[in-house]
Amino acid sequence: MSEVAIQAERLGKRYRLGESTGGAFSYKSLRESLTAGLRRIASRESGAAPAEVWALRNVSFEIPRGEVVGIIGPNGAGKSTLLKLLSRITRPTEGRARIFGRVGSLLEVGTGFHPELTGRENVYLNGAILGMLRSEIDSRFDEIVAFAEVERFLDTPVKRYSSGMYMRLAFAVAAHLEPEILLVDEVLAVGDAAFQKKCLGKMDEVARGGRTVLFVSHNMNAVQDLCSRAMLLREGGIKRYDTDVRGVTRDYLFGDGEAPAGQRWINPGTLHDNPYFKPMRFEVVDQEGRPVAMPMRNDTEAWIEIEAEVRSVDPALTVGYAIYAEHGDLLYWSYQTDVEERQWPEIGTGRTTLRSRIPPRWLNEGRYRIELIGGLHFRSWLFEPSVSAPSIFLTIQGGLSDSPYWMQRRPGLLAPTLPWEKS
Ligand SMILES: Nc1ncnc2c1ncn2[C@@H]1O[C@H](COP(=O)(O)OP(=O)(O)OP(=O)(O)O)[C@@H](O)[C@H]1O
Ligand SMILES: [Mg+2]
């Protein structure tokens, strides 16, 4: 029998709407209160007036020591709430969680750090909270600072840090102070690509050292690479908890029968706001720009259309899409700047619609996820693949080939029909 690190029994958390979430950095709380507010309006319209919401309910599971568990699910599913309960930041309304080991946690940007204290003081404060001796912290101090790359700002109050610096230090502290159980919520959304890679590497190292990691993320590639188990949460309940990590991520991305995923994404107005290319619509259409009936046959051509609002033209703008097969394998990226420069579609200010053709008989029968990707080349992402980018879906059935032999789905990720001749 393997040792258990965490055991949850019928865990539940009910929030009263309108309750403040607190916290020094409150962009998250702001979004949460907006959501709560909208719900209240919606419920008033429907006649009912529930003043409370179950963020998590009836959640039971066991996590053996040494496992890396990816926690995934849509916004508002209860992922952060679960970590907050496990780290004792909030108390459960019902049920209980038993934790066997010392917990280090990195929940949202800010929790656990005192804004008025300097970077140096916060490292010691967090070590003390974790129950470490001063000499133990001393011995890890240089390593933490080097990892976080904040040497120059050690004696600056952390409230003056950029969110990236703040996050780097917070992650370094959580990962280096040798907790037996490490809880990490969405760190990878902050920080540049190089630091994200470092974090993933560090979590892997922590896990290899036999410690337990719970990792909330919207980055399915990271979850697949890193985790030995995955838990899918939806509407406050566990939909699936399994060692088949790819299976769980597939259930999430492609819907588990409950959330039919669409072929069109429309910006509600507030997302991905930026001056260079604010996506307004992202859609699979036919040659004439009409919605394609799904599933589509493999011998029809599909077009990916991206409509955007441009306030400022930047020559480094690269936008396109990434396409993934059903199990999450990336098939390819396509950018409007892939061809020689004079062929790039001209992008001016105002509304622009770009489109690109997916050739017929190129993909295979199955379901594909298409993600909008884009950024300023070599500078920054505007919408980052597997992190913040919107997704749409394409389903193909039939029309695979004109050959009498090959009417069925073929083995492999792609099923192109290519010419053959006798030489
Ligand atoms: N302090 C709070 N007061 C009221 N409602 C809350 C509070 N914290 C969370 N909620 C609500 O509980 C539900 C679950 O929230 P939670 O933050 O756990 O979701 P999440 O899965 O982490 O989402 P995301 O992917 O957006 O981070 C949401 O409906 C949220 O609005
Ligand atoms: Mg969350």
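In this predicted model, Glu-309 stands opposite Arg-351, a residue of strand E15. The two strands concerned are E12, which spans residues 302–310, and E15; they pair in the antiparallel sense over nine bridges. This pairing belongs to an open sheet of four strands, arranged in the order E10-E11-E12-E15 with antiparallel pairing. Strand E10 (264–266) and strand E15 (350–358) stand at the edges of the sheet, and each has a single partner strand, so one side of each is left without a neighbour in the sheet. From one strand to the next, the twist averages 15°.

The loop that joins E10 to strand E11 (278–285) contains His-272. Is this histidine buried or exposed? His-272 has a relative accessible area of 17%, and buried means under 20%; His-272 therefore counts as buried. Its surroundings can be described through its contacts. With neighbours within four places in sequence left aside, His-272 is in contact with Trp-265, Lys-278 and Pro-279, and also with Leu-382, Phe-383, Ser-388, Ala-389 and Pro-390. For one of these partners, Leu-382, the separation in sequence is 110 residues, while the C-alpha to C-alpha distance from His-272 is 7.1 Å.

The account now turns to the helices. Helix H3 covers residues 119–129, and its buried residues are Gly-119, Asn-122, Val-123, Tyr-124, Asn-126 and Gly-127. An α-helix has 3.6 residues a turn, so residues three or four places apart point the same way. The cover over the buried residues of H3 includes helix H4 (134–148) and helix H5 (163–176). After H3 comes Gly-131, which has a positive phi, near 80°.

Which residues touch the most other members of the largest nonpolar core? They are Leu-169, Phe-171, Val-213 and Phe-215, in a core of 51 residues. Helix H5 supplies the largest share of this core, namely ten residues. The contacts of Leu-169, again without its neighbours within four places in sequence, are Phe-113, Gly-119, Val-123, Ile-144, Ala-148, Val-150 and Tyr-161. Two of these partners, Gly-119 and Val-123, are among the buried residues of H3. Apart from this core lies another, of 33 residues, which includes Phe-282, Ala-316, Val-319 and Ile-347.

How values were computed. Residues numbered from 1 in each chain as written. Chains lettered and ligands numbered in written order. Predicted model: local features only at pLDDT ≥ 70, side-chain atom pairs only at ≥ 80, totals over all residues. Heavy atoms only, no water. Pairing = 2+ DSSP bridges. Axes fitted to C-alpha atoms, helices over the stretch in contact; angles between N-to-C directions. Buried < 20%, exposed > 50% of the residue type's maximum accessible area, 1.4 Å probe, protein only. Contact = heavy atoms within 4.5 Å. Core = buried A, V, L, I, M, F, W, Y, C linked by side-chain atoms within 4.5 Å.
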